[in-house]
Amino acid sequence: RRTAKLKEVDSGVVDMTPIVLENLEKLKIDYLVAIGGDDTLSYAHVLHNYGVPIVAVPKTMDNDVQNTEYCIGFSSAMTRAVDAITRLRTTLGSHERIGVVRIFGRDAGFTALYTAYVTSVRCCIPESKFDLKKLVDLLIEDKKLNPSRYALLLMSEGAAWSGHSVQRYGPPDLFGHRKKVNIAESFAEKLEEMSSGRTTVMDLTYELRSGEPDFLDKMVATTFATMAFDCAAQGAVGRMMAVRNGCYTDTEIPDPGMGPRRVDIETMYDSARFRPNYMTKRGLPIFMVQV
């Protein structure tokens, strides 16, 4: 029987934390391991502030959790994205079209950026609004110069062009996020209007979530699990497993007020060419960013 008192924090929105705390107490949970991305770990921080003994493991293909360079799932998603885009080239070449591929990345463009990095395609990310006409002109030129007469563009779901805001629809989820209108379809429509060319749109946002994890993710997940157990055994609370400067460590669970980790467009993205920055990486960790 529920005894916890709930509080309405907004119109129709109720904070369920009292019930969560009551259930954890009844279940006699010694330690709670929170595994997830920005939303999950934001709530883990809330529970930590309420005194719940908790440790966290970052797991999101967006790779956008603060205080860590790597989150479980990122490598597997990128491996599948690269494979899908490589196969798409044949179709685009045979039909002589411009391909516009949508990939996840609601607030951060790491998935688009790193996939573009190894497939040598242009990309648009949420951190940098783009000039619509400039991008269309570049893609037309790419297609013209390509012997197979095709071009490719990779777009984060949160990308947008200057003067355009991302459109949302449907009811919000438990964390207040509404679905975003497919930016790839919106851009493809504009591109066809401005170029009289044909496009092919491909959405990878859900396809990449399925299947077995690759070697890197299995290794990192196994290591994070061992580290989380060690933290619990040592009585450490409010800690998150992490990779920092290329090394395993544990750190504080990020404060929700920090928001998601975002691409540093000054060092990692060439906004003039809509490409990752390929300049020297000497001295940087494998994921090219230090936290």
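**Exercise 1. Follow a charged network**

Task: Which residues are linked with Asp 39 in a network of salt bridges?

Solution. Step 1: The network of salt bridges joins Asp 39, Arg 106 and Asp 107. Keep in mind that you're looking at a predicted model.

Step 2: Zoom in on one link. Asp 107 and Arg 106 form a salt bridge, and their closest N and O atoms are 3.2 Å apart. That fits the cut-off, which asks for a side-chain nitrogen of Lys or Arg within 4 Å of a carboxyl oxygen of Asp or Glu.

Step 3: Now check how covered these two are. Asp 107 has 23% relative accessibility, so it counts as partly exposed. Arg 106 is partly exposed too, with a relative accessible area of 24%.

**Exercise 2. Two more salt bridges**

Task: How many salt bridges does a search of the whole structure find, and where in the chain do Arg 102 and Glu 157 sit?

Solution. Step 1: The search turns up eleven salt bridges.

Step 2: One of them is between the side chains of Arg 102 and Glu 157, at 3.8 Å from N to O. Arg 102 sits in strand 5 (residues 98-103), while Glu 157 is in the loop between strand 7 (151-156) and strand 8 (168-169). The two are 55 residues apart, so this pair links distant parts of the chain.

Step 3: Are these partners buried or exposed? Arg 102 has a relative accessible area of 8%, so it is buried. Glu 157, with 15%, is buried as well.

Step 4: Compare that with Asp 250 and Arg 239, whose side chains meet in a salt bridge of 2.8 Å, N to O. Asp 250 belongs to strand 12 and Arg 239 to strand 11 (residues 239-244), so this pair ties together parts that are eleven residues apart in sequence. Asp 250 is partly exposed at 31% relative accessible area, and Arg 239 is partly exposed at 24%.

**Exercise 3. A buried charge**

Task: Which side chain of opposite charge is nearest to Asp 62, and how far away is it?

Solution. Step 1: Find Asp 62 in the loop between strand 4 (54-58) and helix 3 (74-95).

Step 2: The nearest side chain of opposite charge is Arg 209, 5.7 Å away. A salt bridge needs the nitrogen and oxygen within 4 Å, and Asp 62 has no salt bridge even though it is buried.

Step 3: So who does touch it? Leaving aside neighbours within four places in sequence, Asp 62 is in contact with Phe 104, Gly 105, Arg 106, Phe 110 and Thr 111.

**Exercise 4. Rings that meet**

Task: How many aromatic pairs does the structure hold, and why is the pair of Phe 74 and Tyr 114 called edge-to-face?

Solution. Step 1: There are eight aromatic pairs.

Step 2: For Phe 74 and Tyr 114, the ring centres are 5.4 Å apart and the planes stand at 90 degrees, so the pair is edge-to-face. The cut-off for that label is over 60 degrees.

Step 3: Phe 74 is in helix 3 and Tyr 114 in helix 4 (residues 110-119), so the pair ties together parts that are 40 residues apart in sequence. Phe 74 is buried at 1% relative accessible area, and Tyr 114 counts as buried at 10%.

Step 4: Look at another pair, Phe 224 and Tyr 248. This pair is edge-to-face, with 6.1 Å from centre to centre and 80 degrees between the planes. Phe 224 is in helix 7 (residues 215-233) and Tyr 248 in strand 12 (residues 247-252), 24 residues apart. Phe 224 is buried, with a relative accessible area of 0%, whereas Tyr 248 is partly exposed at 38%.

Step 5: Back to Phe 74: ring pairs link Tyr 70, Phe 74, Phe 110 and Tyr 114 into a cluster.

**Exercise 5. Inside and outside**

Task: Which residues of helix 1 are buried, and what do they pack against?

Solution. Step 1: Helix 1 covers residues 17-26, and its buried residues are Thr 17, Ile 19, Glu 22 and Leu 24.

Step 2: The buried residues of helix 1 pack against strand 2, strand 3 (32-36) and helix 2 (38-49).

Step 3: Strand 2 (residues 13-15) contains Val 14, which counts as partly exposed at 38% relative accessibility. Together with Leu 6 and Met 16, Val 14 forms a nonpolar patch on the surface, with about 230 Å² of accessible area.

Step 4: Finally, just after helix 1, you'll find Lys 28 with a positive phi of about 55 degrees.

Definitions and conventions
Residues are numbered from 1 along each chain as its sequence is written. This is a predicted model: local features need pLDDT of at least 70, side-chain atom pairs count only at pLDDT 80 or more; totals for chains, interfaces and linings use all residues. Side-chain values use heavy atoms; hydrogens and water are left out. Patches are made of residues with over 30% relative accessible area and no salt bridge: like charges are joined within 9 Å, nonpolar side chains (Val, Leu, Ile, Met, Phe, Trp, Tyr) within 5 Å. Accessible areas come from the Shrake-Rupley method with a 1.4 Å probe; for residues, only the protein chains shown count as cover. Helices (H or I, at least four residues) and strands (E, at least two) are DSSP runs, numbered from the N terminus. Buried means under 20% relative accessible area, exposed over 50%, partly exposed in between (1.4 Å probe, protein chains only). Contact means heavy atoms within 4.5 Å. Lys and Arg count as positive and Asp and Glu as negative; His and the chain ends are not counted. Rings of Phe, Tyr and Trp (its six-membered ring) pair if their centres lie within 6.5 Å; planes under 30 degrees apart count as stacked, over 60 as edge-to-face and the rest as tilted.
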